Amino acid sequence: KMESTQEINRLSADRQAELRVWLIRNGMTYAEIGRRMGITSSGVLRLVQGERMPTKRHSEMVGMGIPADLLPQPLDVPFGPPRKHPLPTEAATVPA
């Protein structure tokens, strides 16, 4: 079943609220998480407010004890515009 954008936004808001409660109960702040990750507290906030986060950052937060189900989906998204042409394969670059 495809969830509507409204449903996804509600689920994301619920997850973020549950994360805030978990952090408070465990005495953790965005500033402390950011310090441990080498980023700012606003950088942490940007990460946890998204639908996805880089797998490295997800692993770092889970490593701090934050439950994975309270974090966005771990997914690495390539930067920049999509490639117009695929990278040449090794076979294509070897002279015949």
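Read along the sequence, this protein runs α-α-α-β-α-β-α. That comes to 5 helices and 2 strands. Please keep in mind, as we go, that this is a predicted model. Of the 96 residues in the protein, 26% are buried. And if you take the contacts between residues at least 6 apart in sequence, 39% of them join residues at least 24 apart.

Let's start with the core. The largest nonpolar core has 16 residues. Which residues have the most contacts inside it? They are Leu 23, Ile 33, Met 61 and Ile 66. Helix α1, residues 5–25, supplies at least two residues of this core, and so do α2 and α3. Have a look at Leu 23 on your screens. Setting aside residues up to four places away in sequence, Leu 23 touches Met 28, Tyr 30, Ile 33 and Ile 66. So Ile 33 and Ile 66 turn up again here, as partners of Leu 23.

Now for a pair of helices, α2 and α3. How do they pack against each other? The angle between α2 and α3 is about 100°, and their axes lie 7 Å apart. An angle from 65 to 115 degrees counts as roughly perpendicular, and α2 and α3 are therefore roughly perpendicular to each other. The residues where they meet divide into 8 nonpolar, 2 polar and no charged. On the α2 side you'll find Tyr 30, Ala 31, Ile 33, Gly 34 and Met 37. Facing them from α3 are Ser 41, Val 44, Leu 45, Leu 47 and Val 48.

While we're on α3, which of its residues are buried? Those are Gly 43, Val 44, Leu 47 and Val 48. Seen down the axis of α3, these buried residues fall within an arc of 130°, so they line one face of the helix. Three of the names may sound familiar: Val 44, Leu 47 and Val 48 also take part in the contact with α2.

Let's move along to α4, residues 55–63. Here the buried residues are Arg 57, His 58 and Met 61. They cover an arc of only 100° around the axis, which puts them on the same side of α4. Over on the other side, Lys 56 and Gly 63 are exposed. What covers the buried residues of α4? The cover includes helices α2 (30–37) and α3 (41–49), along with the strands β1 (52–53) and β2 (73–74).

I'd like to pick out His 58 in this helix. Is His 58 buried or exposed? Its relative accessibility is 9%, and the cut-off for buried is under 20%, so His 58 counts as buried. As for its company, leaving aside neighbours within four places in sequence, His 58 is in contact with Met 53, Ala 68, Leu 71, Pro 72 and Pro 74.

Just after α4 comes Gly 65, which takes a positive phi of about 100°. That residue takes us to our last stop, Asn 26, in the loop between α1 and α2. Asn 26 and Gly 65 are 39 residues apart in sequence, yet 9.5 Å apart in space, going from C-alpha to C-alpha. Asn 26 itself counts as partly exposed, because its relative accessibility is 42%.

That's the tour, so do turn the model around and find these places for yourselves.

Terms used: Residues numbered from 1 in each chain as written. Predicted model: local features only at pLDDT ≥ 70, side-chain atom pairs only at ≥ 80, totals over all residues. Heavy atoms only, no water. Buried < 20%, exposed > 50% of the residue type's maximum accessible area, 1.4 Å probe, protein only. Helix = DSSP H or I, 4+ residues; strand = E, 2+ residues; numbered from the N terminus. Arc of directions from axis to C-beta. Contact = heavy atoms within 4.5 Å. Core = buried A, V, L, I, M, F, W, Y, C linked by side-chain atoms within 4.5 Å. Axes fitted to C-alpha atoms, helices over the stretch in contact; angles between N-to-C directions. Parallel < 35°, antiparallel > 145°, perpendicular 65-115°, else oblique. Nonpolar A, V, L, I, M, F, W, Y, C, P; charged D, E, K, R; others polar.
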